[in-house]
Amino acid sequence: MTEKALRLGTRRSKLAMAQSGQVADAVSQVTGRPVELVEITTYGDVSREHLAQIGGTGVFVAALREALARGEVDFAVHSLKDLPTTQPDELVVAAIPEREDPRDVIIARDALKLTDLPRGARIGTGSPRRMAQLNAYARSHGMDIETVPIRGNVDTRIGYVTKGDLDAVVLAAAGLNRVGRSDEVTDFLSVDTVLPAPGQGALAVETTADNAELIAALAQLDDPLTRAAVTAERSLLAALEAGCSAPVGALADLLTDGQSVKEMRLRGVVGTTDGSTLVQLSTTGPVPETHEAATALGRELATEMLAQGAAGLMGERAL
């Protein structure tokens, strides 16, 4: 007799279905049980408003968490950058699998790179973080660009370029890799140019805190180094009291000596969306061995950034 299928809650978008499908296969392998996807529509999927207007944090997550709480699904997969930084007591992130490429990319007309874009080029993005850093880069390199707020799925966004409405759009490399469209990228943005969103490229596999058996099974998918990195990034975000639509970038990467991992470097940035002011700092320390150590790393850098004036640049303060 085959065991009952595990129910995985996922958003309906092509990207969400692709990444949930990959997790479903991995969970099936470690548990020996079939996994079925349960499609759930979230408020962020149906609203046409810009993320900053609808609250940003949690708009893609609440419906999935409600389905977990009601027992309609056994676990859920989120893009980690969509998760609010405060974790409800009744839920647990049982696994953060190895991270995809965290960088942002450009898809531009005529296969142009960022530095090749003509004067007055219009670049679409729904992210104040990307706007702030792109505008700051343009200012410091004598470029003339206009950042245009857009919403929509991958197809919609790329469509703005193919139809000629925009010269370029900015997307996450991880999402394009997961839906098999990375060949359309015309330029990978160095993290020195644009720091990604905290947790970008990572997934969170969440279940109820009382499901010890499933937590233990899902834990086999966890990547400790990815978890340490994104915990530090999200701690920085939380300490800046920023919602996920605030213009904050963060990346923790691992420094090696060629043989083994030696240290973790955490970089953070916050800025005004017009790029006129950026506070950008970094700190390096031992690779955090515990959740508390990773959290402390993020909090320390946030304290330094606030002392440098980051608080006045946040624009949208989390409620």
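# A walk through the predicted chain

The chain holds 10 helices and 13 strands. The model shown here is predicted. Of its 319 residues, 53% count as buried. Among the contacts in the chain with a separation of 6 or more, 72% are between residues 24 or more positions apart.

Begin with the strands. In general, the strands of a sheet pair through backbone hydrogen bonds, and they do so either parallel or antiparallel. One open sheet of this chain has 5 strands in the order β2-β1-β3-β10-β4, and its pairing is mixed. Its edge strands are β2 (35–40) and β4 (91–95), each of which pairs on one side only. Direction ignored, neighbouring strands of this sheet are turned by 35° against each other on average. An example of its pairing is found between strand β3 (residues 75–79) and strand β10 (residues 203–208), which run antiparallel and are joined by 5 bridges. To find this pair in the structure, look for Phe75, which stands opposite Thr207 in β10. A helix also belongs to this part of the picture: α1 (residues 14–31) lies across β1 (6–11), β2, β3 and β10, and runs at about 160° to β1.

A further open sheet of 5 strands has the order β7-β6-β8-β5-β9, again with mixed pairing. Here the edge strands are β7 and β9 (187–188), each pairing on one side only. Start at the β7 edge. Strand β6 (residues 121–124) and strand β7 (residues 145–148) run parallel, with 4 bridges joining them. The chain passes from β6 through helix α5 (residues 128–140) to β7, and this β-α-β crossover is right-handed. One bridge to look for is that of Ala121, whose partner in β7 is Ile145. Strand β6 is also joined to strand β8 (residues 168–172) by 2 bridges, and these two strands run parallel. In this pair, Ile123 stands opposite Ala168 in β8.

Towards the other edge, the direction of pairing is antiparallel: strand β5 (residues 104–108) is joined to β9 by 2 bridges. Ile106 stands opposite Asp187 in β9. Two helices lie across strands of this sheet. Helix α5 lies across β5, β6, β7 and β8, running at about 180° to β7. Helix α6 (residues 154–162) lies across β5 and β8, and runs at about 155° to β8.

Next come the loops. Ala197 is found in the loop between β9 and β10. Is Ala197 buried or exposed? Its relative accessible area is 12%, and because buried means under 20%, Ala197 counts as buried. Leaving out residues up to four places away in sequence, Ala197 touches Lys81, Arg99, Arg129, Glu233, Val248 and Ala250. Ala197 and Gly268 are 71 residues apart in sequence, while their C-alpha atoms are 9.6 Å apart in space.

Val287 can be read in a similar way. Its place is in the loop between β13 (278–286) and α10 (291–307). With 16% relative accessibility, Val287 is buried too. Not counting neighbours within four places in sequence, Val287 is in contact with Leu225, Leu254, Val261, Lys262, Glu263 and Met264. The C-alpha atoms of Val287 and Asp253 are separated by 9.7 Å, and these two residues are 34 residues apart along the chain.

The last stop is helix α10. How does the span of α10 agree with the 1.5 Å a residue used for a helix? Its 17 residues should span 24 Å at that rate, and its end C-alpha atoms are 25 Å apart, so the two values agree. The buried residues of α10 are Ala294, Thr295, Leu297, Gly298, Leu301, Ala302 and Met305. These residues cover an arc of only 155° around the axis, and therefore they are on the same side of α10. This buried side packs against α9 (224–239), β12 (261–271) and β13. The face turned away from it carries the exposed residues Glu292, Thr303 and Ala307. After α10 comes Gly309, which has a positive phi, near 105°.

Notes: Residues numbered from 1 in each chain as written. Predicted model: local features only at pLDDT ≥ 70, side-chain atom pairs only at ≥ 80, totals over all residues. Heavy atoms only, no water. Pairing = 2+ DSSP bridges. Right-handed = clockwise from strand over helix to strand, strands pointing away. Axes fitted to C-alpha atoms, helices over the stretch in contact; angles between N-to-C directions. Contact = heavy atoms within 4.5 Å. Buried < 20%, exposed > 50% of the residue type's maximum accessible area, 1.4 Å probe, protein only. Expected span 1.5 Å × (residues − 1). Arc of directions from axis to C-beta.
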